[in-house]
Amino acid sequence: MKKYTYTEKKDTRSGFGAGLSELGNSNPNVVALCADLTGSLKMDAFQKEQPDRFFQVGIAEANMIGIAAGLTIGGKIPFTGTFANFSTGRVYDQIRQSIAYSGKNVKICASHAGLTLGEDGATHQILEDIGLMKMLPHMCVINPCDYNQTKAATIAIADYKGPVYLRFGRPTVPNFTPADQKFEIGKAVMLNEGTDVTIIATGHMVWKAIEAGEKLAEQGISAEIINIHTIKPLDDAAILKSLAKTKCVVTAEEHQMNGGLGDSVAQLLSRNTPAPQEFVAVNDSFGESGTPDELMTKYGLDTINIIEAVNKVIKRK
Amino acid sequence: MADVSQLEKLATQVRRDILRMVHAVNSGHPGGSLGCTEYLVALYNGVMKHNPKNFTMDGKGEDLFFLSNGHISPVFYSVLARCGYFPVEELKTFRKLNSRLQGHPTTHEHLPGVRIASGSLGQGMSVAIGAALAKKLNNDHSIIYSLHGDGELQEGQIWEAAIYAAANKVDTYIATIDYNGRQIDGDVENVLSLGNLKAKFEAFGWQVVETNEGNTMAAVIEGLNKAKTFIGKGKPIVNIMKTEMGAGVDFMMGTHKWHGSAPNDDQLQKALDQLVGNESDY
């Protein structure tokens with residue numbers, strides 16, 4: 001098992017803030033909008049550095065999405081920022097009609113996704129956003145795993161023409177991807193080559209997949225670990241290539257089982273080379289208040305759950 | 001600008017187009033389309049600075065229009081075609097398979113003249129504000145126009161946008177309200193009364209202009225010209241325009257019945273008989 005180390009834990013939202021600030025200086029067409037969560041989204045640097053290109057819209061997310069769509073008419077590249085819940089479910093029709101169907105070049109940037117938002121509880125812990133967004137035709141869906149990757153993704157989507165949903169979160173997680181690693185939209189990142197099972201993880205679950213891989217190696221199980229930061233378009237080739245070798249897969253995501261990354265992988269496999277699959281995801285449930293770690297444990301999104309899923313899926317081969 | 005009598009003739013032709021389009025597919029929304037004919041004819045034939053022969057999405061240096069109440073697409077399509085955005089012949093494809101003239105306007109089929117999809121109500125004001133902000137960043141001093149149904153104002157997003165535009169002094173923007181008092185289920189007053197609309201917009205910090213005869217060409221032009229005098233004065237502008245749903249066809253007026261139903265063969269003929277002039281039907 002390849003060894004991964006990190007010097008510090010950082011939040012992915014700060015990676016977004018740093019990427020946005022860099023874009024502010026490098027791309028004059030980039031503008032940013034926020035619905036009263038500038039501090040939470042780490043958009044303060046952009047706001048301070050580019051005051052003319054920052055739009056505070058207040059607690060009015062529907063209006064924010066519409067304004068962002070309008071700003072593209074004139075060549076701007078709008079980045080909207082609010083919590084994932086208010087970035088998707090709350091404004092689904094606005095995104096569908098004014099952005100997706102209208103083909104507008106808006107980047108919907110969503111923080112505090114999933115259970116790791118923590119104590120605020122289920123009203124804010126959206127676990128359905130990936131599904132909502134990936135169902136929209138031509139919507140690109142990205143869920144990076146750490147600070148460096150989130151920063152790189154933020155910078156990369158400015159050059160991508162078309163609507164993007166960029167999902168990140170609140171807690172600090174190991175920052176292990178190289179700071180200079182190029183972010184390629186739609187390209188899976190191979191973290192560890194293995195032969196017995198493929199673990200496909202996204203977002204905060206990627207580090208847990210690495211931890212699981214280390215423990216599995218001690219048990220003599222060789223896990224191939226793939227970081228899928230782009231859920232749509234999915235890197236079909238990388239997944240099929242891995243499954244041709246390992247013949248079974250565990251998907252891991254901080255999202256509902258219905259509609260998430262696991263669904264996309266299952267669909268791909270069933271159309272090509274059907275294989276046993278286990279899902280580490282939230283199983284048809286809302287979250288609740290608690291610390292991020294407590295919640296990840298209670299809802300079955302821990303390292304141990306990946307290990308158990310691997311043991312189960314290998315038996316099904 | 002063409003003279004008023006020429007515009008009135010064009011309005012008659014547009015009304016014929018609207019009726020023939022919805023009749024051909026036995027669907028669509030003639031009522032609101034007929035009511036907004038003078039407004040759109042005036043806007044696209046003298047009021048707005050625009051370039052029909054060379055449509056670009058960004059419309060640099062041009063005034064832009066956003067139709068928020070997308071269901072009145074027949075009048076929008078007819079006016080766009082008749083000022084040169086696309087061939088008038090194409091009106092016969094309205095609502096048919098593989099057409100660029102979808103039931104509600106869309107950019108998806110790349111129809112020149114359309115810059116946003118609309119149909120799900122209440123979204124166009126936000127989009128118009130965004131376009132106005134982009135113009136400002138680009139140092140482009142053109143005007144943004146939008147049209148909304150009065151029933152559409154029941155959507156909450158409209159008022160989010162109204163707060164934003166006033167707070168941020170979006171003063172290169174003229175929103176027009178098609179104040180016909182009717183919506184699908186009946187009179188706006190009975191479905192969900194808007195109360196004192198003028199007072200509402202004033203309380204929201206908007207400059208209000210009233211056009212009391214929205215189906216009289218000269219009055220519509222006068223209203224829009226008056227609205228333009230408030231451009232750059234620190235407030236967004238709303239033109240509350242009283243119209244008659246179904247205007248121009250006697251049996252379609254005074255009721256909400258023609259909001260979303262098409263005339264049959266006899267009704268079409270009866271309607272066209274009232275709309276005569278220099279016909280050049282497609």
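This passage walks through two helix pairs, the cysteines and three buried residues of a predicted model.

Two packed helices can be summed up by the angle between their axes and the distance between those axes. In chain B, helix α3 (residues 37-47) meets helix α9 (residues 217-228), with axes that come within 9 Å and cross at roughly 60 degrees. The pair α3(B) and α9(B) is therefore oblique, and the crossing is right-handed. On the α3(B) side, the contact is built from B:E38, B:Y39, B:V41, B:A42, B:L43 and B:V47. Facing them from α9(B) are B:M217, B:V220, B:I221, B:L224 and B:K228. Sorted by character, the residues of this contact come out as nine nonpolar, no polar and two charged.

Chain A has a helix pair of its own to look at. Here helix α9 (residues 236-246) and helix α10 (residues 261-271) have axes that come within 11 Å and cross at roughly 65 degrees. An angle from 65 to 115 degrees counts as roughly perpendicular, so that is the label for α9(A) and α10(A). Their crossing is right-handed. From α9(A), the residues that make the contact are A:D236, A:I239, A:L240 and A:L243, and α10(A) brings in A:V265, A:L268 and A:L269. That contact divides into six nonpolar residues, no polar ones and one charged.

Next come the cysteines. A search through the whole structure, over all chains, turns up zero disulfides. Take A:C145, which is in no disulfide: its nearest cysteine sulfur belongs to A:C140 and lies 16 Å away. A disulfide calls for two cysteine sulfur atoms within 2.5 Å. A:C145 is also buried, at a relative accessible area of 3%. Over in chain B, the closest cysteine sulfur to that of B:C83 sits in B:C36, and because the separation is 16 Å, it is too far for a bond. B:C83 is buried as well, with a relative accessible area of 16%.

Finally, three residues of chain A give a feel for what sits around a buried position. A:G74 belongs to the loop between α3 (61-72) and β4 (77-83) of chain A. This glycine has a relative accessible area of 17%, and since buried means under 20%, A:G74 makes the cut. Once its neighbours within four places in sequence are set aside, A:G74 is in contact with B:D58, B:A134 and B:N138. Within its own chain, A:G74 and A:N29 are 45 residues apart along the sequence, and their C-alpha atoms are separated by 9.5 Å.

A:S21 is placed in helix α1 (residues 12-26) of chain A. With 12% relative accessibility, this serine also counts as buried. Its contacts, again leaving out neighbours within four places in sequence, are A:A45 and A:E49.

The last residue, A:I306, is part of helix α12 (residues 303-315) of chain A. Its relative accessible area is 0%, so A:I306 is buried. Neighbours within four places in sequence aside, A:I306 is in contact with A:I199, A:M205, A:K208, A:A209, A:A212, A:V250, A:A252 and A:V280. As for A:F176, it lies 130 residues from A:I306 along the chain, and the C-alpha atoms of the two are separated by 20 Å.

Note on methods: Residues are numbered from 1 along each chain as its sequence is written. Chains are lettered from A and ligands numbered from 1 in the order in which they are written. This is a predicted model: local features need pLDDT of at least 70, side-chain atom pairs count only at pLDDT 80 or more; totals for chains, interfaces and linings use all residues. Side-chain values use heavy atoms; hydrogens and water are left out. Axes are lines fitted to C-alpha atoms, for helices over the stretch in contact, and angles run from 0 to 180 degrees between N-to-C directions. Helices (H or I, at least four residues) and strands (E, at least two) are DSSP runs, numbered from the N terminus. Angles under 35 degrees count as roughly parallel, over 145 as roughly antiparallel, 65 to 115 as roughly perpendicular and the rest as oblique. A crossing is left-handed if the near helix is turned anticlockwise from the far one by less than a right angle, and right-handed if clockwise. Contact means heavy atoms within 4.5 Å. Ala, Val, Leu, Ile, Met, Phe, Trp, Tyr, Cys and Pro count as nonpolar, Asp, Glu, Lys and Arg as charged, and the others, Gly among them, as polar. Buried means under 20% relative accessible area, exposed over 50%, partly exposed in between (1.4 Å probe, protein chains only).
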